[in-house]
Structure formats: structure tokens, C-alpha cells
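Welcome! Please take a moment to turn the model around before reading on.

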Amino acid sequence: RYKMDFNVKKLASGAGLFFTRAVQFTEEKLGQAEKTELDAHFENLISRADCTKNWTEKIYRQTEVLLQPNPSSRIEEFLYEKLDRKAPARDTNAELLGQYMQEAANEFGPNAPYGSTLIKVGECERRLGAAEREFLQTSAISFLTPLRNFLEGDWKTISKERRLLENLRLDLDASKARLKKAKVAEAKAAVSILLPPSLDKHWLFLTLFLFFQAEQELRMAQTEFDRQAEVTRLLLEGISSTHVNHLRCLHEFVEAQATYYKQCHLHMQELQKELGRLPNAFTLNTTPSNAVTGPAAEGIDTVETDTLTIEEVQAPATGTRKAKVLYDYDAADSSELSLLADELITVYTVPGMDSDWLIGERGNQKGKVPVTYLELLS
């Protein structure tokens, strides 16, 4: 029963305190009560902290969208995280594309030009997907996690202490208001001392008691407010350390992005080289439409044509062009010309040559070069 009485008294005291704060807050909004203002440095710290929180939250959310564009997948990962369970492994889109290409190649025939090309491209897509997976994991650990820790940890602590400081500020201003009223009553009581002795003076002593009590409450409220203001100030000044930590994390995120895009570029360069060495599917059906085939061709002598070597190919009088090399290229055999990125060469075509290739010349060197590695200049 004693415990129940204590809880009732505590509840009543809390309700009274809440009511006092509500009255003080309302009167401040109506301009009927004075408000203790924080110093300019403290206000700047608060503004800086709010700005940090708002932009950190926006950067965090947009980075989540960048790393996982699918909102359903983000919700699924969020639920697994809240349930403290590990999300199941999921293939990236590039890995799925590579898998489908390789399965299609098996259906079309891995030895056919289309099938063999699908296999090469599929392998490259799977490597791109693996690089993407590593980038996502690195970014989540080095960048997203520190931002989330600030929002869910440090910022919640700062917000809690700021709310407590605001409540103590309301208590302080309410105490100031009570003391002000008590001073007015005490002044009236001092005048009443001059009244005839026949007048009842009990209310005089009550007024003086309330005045001294108001003074004591104000001193206590001021002490608690000053102590909480110092605690809150220290937390707000810690935002500078947060900026330093987030700056380091940002550098790690940029490094992870640079590594990822570099890997993708290298994989694509290697894929282009491999595709340049594969047989061209567009030159398989090269029989002219007016050629004689089948039994009617029997008895007709086959005319053999001589194949010109690269050394015998001569540049035409007109039709040569300059070309800029986009990527490094290693010649597959003696008929091809190795290339270095950004160099300029002279290119031209010869009758009967595959459209995917040109003849390139660099000084005394000459050989076939793939068109996909060149930027033709006017």
C-alpha cells in the first residue's frame, strides 16, 4: 500500500510539473512570459548540429538508393536487419544476365559464333557482377554504417539531452515567474506592517514563506539548467569530430568507387580484345546470290584467287583517314597491328575485307586493326 501511495504521489507530482511547463510554454508563445535565451555560440552549435543531421540523413538515404535501386529489396534488407537475421545472398543483375547468356549459349551451341560470343560476354558480365558485389559490401561497411551509427546513436543522445535542456529551461523560467509574483506579494506584505495591530498578520508570514521558497526553487532550477547546458554543449561540440569521421569514410567510399569502375573498365577492355579474335558471324554466308551451286556447278572449273598478304597491300591514292586509338590492343598474329591507347594511325579499307576490320599503318608498320578500338577522325 505504501508503494502504491508513493506511485500516486509521484504521478501527481509529474502531472503538476507537466502542467507547469505547458502553461509556461503557452504563455511564451502568446508573448505573456519571458524566455531565457541561449548565448549566440550555443545557438550556432545547435544550428550546425541540425544541419549535420539533416544532410547526413539525405546522403544516407540517397546512397542506399544508389547501392540498391530496388525499393522492395531495401525493405526486405531493413526487415532482416530489425529481426537481427542475415539477409539471404542475392545475385546482382549483371551476374543474372551473365548466367542467362551462358545458358542461352548452351542452347544455341557453344561452338557457333553467336554461342561462343554469348559465353565470352556472359563470363564478363559475371565478373562485373562480382566486382559490383564487392563494391556494395565495401561501401555498406565503410560509408553507410558510420552514417547510420551517427543517426541512430549519437544524434538520438543529442536530441534526448536537448529535450531535457528545454524542459529545464521551462522550469527555470516558471521559477522566475513565481519569484516575480512572490516579490510583488512581499512588497504588499511590507506595507501591511504599518497597518494597525488589530489586523490579522497570518497571511503576511505565509507570503514571506512563499517568497523564500520561490527564491530557493529558482536557485535549484538555475543550477540544474546550467549543468544540463554544459552537458549539451559538450555533445554539440562533438559534431566537429563527427565531421572528421565522416570525411574519412567519404574518402573510403570514393576509393571503393574508383576501384570498382577501374575493374569494370579492365573487364570490358579484355572482353573487346577477346571478341576481336572471335570469327565474325556476319561473314559466314558469303555465297553471291548469282553464284552457280549444286549439281549445275559440276564440271565448272574452280577459279582460285590469290590472297594478298599484309605486306602486299598498298594504300589507295584516296580514302585514307586518321584514327585515334581508344584502347590498347595486342595483335593476335602477324597480320594484325598492335595498338596503344591515344595514338594516331592511318587507316583505310581494301576490297573484300571484313567490315569490322581496317588496315592500319604506323610508320613502316602495317596490319589489320579492329574498328571497335578506333575513333575515326574527319
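The report below goes from the overall layout to the cores, the salt bridges and a surface patch.

## Layout and confidence

What you have in front of you is a predicted model. The protein has 378 residues, and 29% of them count as buried. Seven helices and five strands make up its regular elements. If you follow the chain from the N terminus, the order is α-α-α-α-α-α-α-β-β-β-β-β, with the helices coming before the strands.

Contacts along the chain can also be sorted by how far apart the partners are in sequence. Among contacts between residues at least 6 apart, 69% join residues at least 24 apart. On the outside, the protein exposes about 25,700 Å², and carbon and sulfur atoms supply 57% of that area.

As this is a prediction, it helps to know where the confidence lies. The average pLDDT is 79, and 70% of the residues score at least 70. Helix H2 has the highest confidence, at 94, whereas helix H1 (residues 2–29) has the lowest, at a mean of 59. There is also a stretch to read with care: over residues 281–308, pLDDT stays under 50. For these residues the model has eight contacts beyond four places in sequence.

## Two nonpolar cores

The largest nonpolar core has 39 residues. Within this core, Phe42, Phe135 and Leu236 have the most contacts. Five helices give two or more residues to it: H2 (40–67), H4 (93–108), H5 (113–192), H6 (202–237) and H7. The largest share, 17 residues, comes from H5.

Which residues does Leu236 touch, leaving aside its neighbours within four places in sequence? Leu236 is in contact with Phe42, Leu45, Ile46, Ala49, Ile158 and Arg162. Another core, of 15 residues, lies apart from the largest one. Among its members are Leu339, Val347, Trp357 and Leu358.

## Salt bridges

The structure holds 13 salt bridges. Three of them are set out here, each with the distance between its closest N and O atoms.

| Pair | Closest N and O atoms |
|---|---|
| Glu64 and Arg61 | 3.6 Å |
| Asp173 and Arg169 | 2.7 Å |
| Arg362 and Glu343 | 2.9 Å |

Take the pair in helix H2 to begin with. Glu64 and Arg61 are three residues apart in this helix, so about one helical turn separates them. Both partners are partly exposed: Glu64 has a relative accessibility of 24%, and Arg61 has 44%.

The pair in helix H5 sits in another setting. Asp173 and Arg169 are four residues apart, so they too are separated by about one helical turn. Is this pair buried or exposed? Asp173 counts as buried because its relative accessibility is 3%, and Arg169 is buried at 3% as well.

The pair of Arg362 and Glu343 links distant parts of the chain, 19 residues apart. Arg362 is in strand S3 (residues 357–362), while Glu343 is in the loop between strand S1 (321–325) and strand S2 (344–348). Arg362 counts as partly exposed, at 25% relative accessibility. Glu343, with a relative accessible area of 17%, is buried; the cut-off for buried is under 20%.

Salt bridges can also join up. Asp39, Glu230 and Arg233 are linked in a network of them. Arg233 has its place in helix H6 and counts as buried, at 19% relative accessibility. Leaving aside neighbours within four places in sequence, Arg233 is in contact with Asp39, His41, Phe42 and Leu45. Phe42 and Leu45 are also among the contacts of Leu236, and Phe42 is one of the residues with the most contacts inside the largest core.

## A nonpolar patch on the surface

Which residues make a nonpolar patch on the surface? Leu247, Leu250 and Val254 do, and their patch covers about 260 Å². Leu250 is in helix H7 (residues 239–277). Leu250 is partly exposed, with a relative accessible area of 39%. Helix H7 thus appears twice in this report: it gives residues to the largest core, and it holds Leu250 of the patch.

Terms used. Residues numbered from 1 in each chain as written. Predicted model: local features only at pLDDT ≥ 70, side-chain atom pairs only at ≥ 80, totals over all residues. Heavy atoms only, no water. Patch = residues over 30% accessible without salt bridge, like charges linked within 9 Å, V, L, I, M, F, W, Y side chains within 5 Å. Areas by Shrake-Rupley, 256 points an atom, 1.4 Å probe, with all protein chains shown as cover. Salt bridge = Lys/Arg side-chain N within 4 Å of Asp/Glu carboxyl O. Buried < 20%, exposed > 50% of the residue type's maximum accessible area, 1.4 Å probe, protein only. Core = buried A, V, L, I, M, F, W, Y, C linked by side-chain atoms within 4.5 Å. Contact = heavy atoms within 4.5 Å. pLDDT = per-residue confidence, 0-100.
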